[in-house]
Amino acid sequence: MASHHDCWQCGTPDAGSLFCRYCNSLQAPTPDYYVFLGLPRRLAVDPAILQKQFYAMSRMLHPDRYTRRSEQEKRYSLEASSILNDAYRVLRDPIARAEYVLREAGFEIGEQRSKDVPPELLEEVFELNMALDELRAGDSEVLPQLQESRHNFKLMLARIDSVLEEHFQRHDGQQDVASRRAVLEQIRNVLHRRRYISNLVSEVDKQLSSRNA
Amino acid sequence: MGRGLDDVREEARLLPFQIAECSEQVIHLQLGERRLTPPEISAQVLRELKARAEAYLGEEVTQAVITVPAYYNDAQRQATKDAGRICGLEVLRLVNKPTAAALAYGLDKRKQGVVAVYDFGGGTFDISILRLHEGIFEVLATNGDTHLGGDDIDNLLLAIALEDIRTDWSQDLSSSGEAVQTIRRAVIDAKERLSFLPSTTIEFSWQGRAYQRQITRELFEQLIGGIVGRTLGPCRKALRDAGLEPEQIDEVVLVGGSTRIPLVRSSVEALFRAKPHTELNPDEVVALGAAVQAGILSGQVEDHLLLDVTPLSLGIETMGGVVSKLIHRNSTIPASATEVFTTSVDGQQNVLIHVLQGERELVKDCRSLARFDLKGIEPMPAGMPRIEVRFMIDANGILNVTARDTRGGKEQSVEVKPSYGLTDEQVEAMILESYDKAEEDFKARQVREARVEADTILAAVDKARSSAAWHDLDDSERAAVDLALNQLQMVYHGDDHNLIRGRIEQLDNATRKLAESMMNSAVRTALKGTKI
């Protein structure tokens, strides 16, 4: 991507992605999180390796290290650090990471789709909404029922997370772009379901905590 | 600082100064004839600190690292930076106080693990949770209250004393600035004594009448329970944002004078289930950390690095007065977000972006930071222009906005109107004014110093005129001394320090023989009675 460019400082062609390989000055950073961190484009990421890389690159790129450098390098350091921080924040969270890879691969992951109730959940969601309405109307007898469905949905989330985990492995194992896309497609559907359920859980949490308050 | 008129209306009634009328955008305080903004007053404090540092170091100080409460918003940070600029300091970095404390704390111990810094000072409360790992100080979460501190405790005690006086003396002293100041001093002393005594007396006298009231630590703790309790909510929120349970905190560090209060210590201990560290002086540890950060910035400290976060979410106003969040709270800074804007009317050339800070959903519940006006957009049908706006929170926690027309590729001009705070032009004007003032101040000081010197020699000559040595001088010598004396007295009250110094020198010359003769007679007196 942005790794093929001439050094702004000394003009060396194909200078390198972070520092010029000739004059060692800081270069314009690439916005691609994987390229930037020098990590293979995999969905399964080892958090320990990611953290190690984050700390090591922070030491090299943080603006604190560039207070006595040229204005251009100061700007690049600010830019590079903000990309590094964003990349770390996104890639350490499996959901945000998957969404990032999907978006980069051209998938649309809008909020709209997650408003449609997944068909297999129709009945349960219907009952949950009834209970929430009753709670809002002041009926506290539905509390145990709400607690239970909250628990059920939490279990569902945990199951979804392990399914995602498997998909991640499968995705990383595919060699060609087409098969990877096929897995990404599946992941997108799982994510929609997941977002739907997690929205439900936070709605229940909100109602429960506003009662306690 | 960095606050609007509505924020301080309540508080202003307790303050001994007036808010001037022209305070819509920036608060102005009316101090006699002068009107000053909080950054200008802060600049005066900084100027004094700068002078002291220069006196100690023996060289000019031009750059500084300044610490701020971690929960400070953008406007408060900007105001702090403005204050630095006004007094002629280049502010290299704003460091959050708890982070600075962690830096000082972790530095010599080479600590690893998760540390909570509880910073309860005079006016603000901060809690920060950090991971220390091989010299990296990574803030995981921060929370706080920029309006909670020891001052609130003082105000409680103050209110009690004023109420006593109202009933016992039938006097209302609450509107007398001087009386309130006297009582405030007394209650602060009592508060401080209660940190190591089980009971003490609040005492002072006002216009000959003595006030005394016994207060036990038990009663004191009942009084302040609510205030101390208010610090615990932010602590729990910070833990939640860091994704940690209290048991996962390895160490707790206390910062700020109010953490000397036993109830504060025991509350912190109960919450984090760990005995807090108190071995560092809570008043100095933050300054120590700032010094370390200055070392990092100047390249003298190489293996340490602070990774701090932004305390508040940043968003923009969208349809229906709703805030769309762009950068979430506790994001490591520098942090950035890009948003594409377009026009809604054919030929529209300006787009106004309203930036807000806060955690709530609606514009009215968040803090307005600034309005950015994208200007000079090429006239096109509605929805056609694509202006890419980049929001960047720098390492100081301050927002910078840049915009680019993605169709034309050219930089788009952005005009910033801070919601609360000084514009760049206003700061520039204050810098100029402070230069003028600095010259004035310097001159006044030199005149004062010259007069002090003149006082010394005038007193000495006065004394010499009644000594035996005076009579040893001949008439012309005495006349010369009198003339020089007169000439110094004539310029003494003028404001030309060079002239005063010149006349001092003349008098010094004219009295040389007199001084020698006095010296000799002193020696003779001293030798009298001594056998040689």
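# Worked exercises on a predicted model

In helix 13 of chain B, the residues B:D475, B:S476, B:L483 and B:M490 are exposed, and they lie on the other side of the helix from the buried residues treated in the first exercise. The model is a predicted one, and each exercise below is followed by its solution.

## Exercise 1: the faces of helix 13

Work out which residues of helix 13 of chain B are buried, and how they are arranged when seen down the helix axis.

Step 1. Helix 13 covers residues 475-491 of chain B, and its 17 residues reach 25 Å from the first C-alpha to the last, close to the 24 Å expected at 1.5 Å a residue.

Step 2. The buried residues of this helix are B:V481, B:A484, B:L485, B:L488 and B:V491, where buried stands for a relative accessible area under 20%.

Step 3. Seen down the axis of helix 13 of chain B, these buried residues fall within an arc of 140 degrees, so they line one face of the helix.

Step 4. The exposed residues named at the start, including B:L483 and B:M490, are found on the other side of helix 13 of chain B.

## Exercise 2: helix 2 of chain B and the sheet it packs on

Check the span of helix 2 of chain B against 1.5 Å a residue, then find which strands this helix touches.

Step 1. Helix 2 of chain B holds 20 residues (38-57), which at 1.5 Å a residue should span 28 Å, and this agrees with the 28 Å that separate its end C-alpha atoms.

Step 2. Among its buried residues are B:P39, B:L46, B:K50 and B:E54.

Step 3. The buried residues of helix 2 of chain B line one face, because they fall within an arc of 140 degrees when seen down the helix axis.

Step 4. On the other side of helix 2 of chain B, the residues B:V45, B:R52, B:A55 and B:Y56 are exposed, and the helix is followed by B:G58, whose phi is positive, near 75 degrees.

Step 5. Now take the sheet, which is open, has 3 strands of chain B in the order 1-2-3, and is paired in an antiparallel way.

Step 6. Strand 1 (18-19) and strand 3 (34-36) of chain B each have a single partner strand and stand at the edges, so one side of each is left without a neighbour in the sheet.

Step 7. Helix 2 of chain B packs on this sheet by touching strand 2 and strand 3 of chain B, and its direction makes about 90 degrees with that of strand 3 of chain B.

## Exercise 3: the sheet of 5 strands

Determine which strands stand at the edges of the open sheet of 5 strands in chain B, and which helix of chain A lies across strands of chain B.

Step 1. The order of this sheet in chain B is 11-6-7-8-12, and its pairing is mixed.

Step 2. Strand 11 (251-255) and strand 12 (305-307) of chain B are the edge strands, each with a single partner strand, so one side of each lacks a neighbour in the sheet.

Step 3. Neighbouring strands of this sheet are turned by 25 degrees against each other on average, direction ignored.

Step 4. Strand 6 (residues 113-120) of chain B runs parallel to strand 11 of chain B and is joined to it by 5 bridges, and B:Y118 stands opposite B:L254 in strand 11 of chain B.

Step 5. Helix 2 (residues 47-61) of chain A lies across strand 7 (125-133), strand 8 (136-145) and strand 12 of chain B, running at about 120 degrees to strand 12 of chain B.

## Exercise 4: a hairpin and the loops

Find how many residues lie between strand 13 and strand 14 of chain B in their hairpin, and state whether B:Q207 is buried or exposed.

Step 1. Strand 13 (residues 314-318) and strand 14 (residues 322-327) of chain B run antiparallel and are joined by 5 bridges, with B:T318 opposite B:V322 in strand 14 of chain B.

Step 2. The hairpin they form has 3 residues between the strands, and B:G320 in the turn has a positive phi of about 75 degrees.

Step 3. In the loop between strand 14 and strand 15 (335-341) of chain B lies B:P334, and the peptide bond from B:I333 to B:P334 is cis, with omega near 0 degrees.

Step 4. B:Q207, in the loop between strand 9 (199-206) and strand 10 (209-216) of chain B, has a positive phi near 50 degrees although it is a residue other than glycine.

Step 5. B:Q207 counts as exposed because its relative accessibility is 65%, and exposed stands for over 50%.

How values were computed:
Residues numbered from 1 in each chain as written. Chains lettered and ligands numbered in written order. Predicted model: local features only at pLDDT ≥ 70, side-chain atom pairs only at ≥ 80, totals over all residues. Heavy atoms only, no water. Pairing = 2+ DSSP bridges. Helix = DSSP H or I, 4+ residues; strand = E, 2+ residues; numbered from the N terminus. Expected span 1.5 Å × (residues − 1). Buried < 20%, exposed > 50% of the residue type's maximum accessible area, 1.4 Å probe, protein only. Arc of directions from axis to C-beta. Contact = heavy atoms within 4.5 Å. Axes fitted to C-alpha atoms, helices over the stretch in contact; angles between N-to-C directions.
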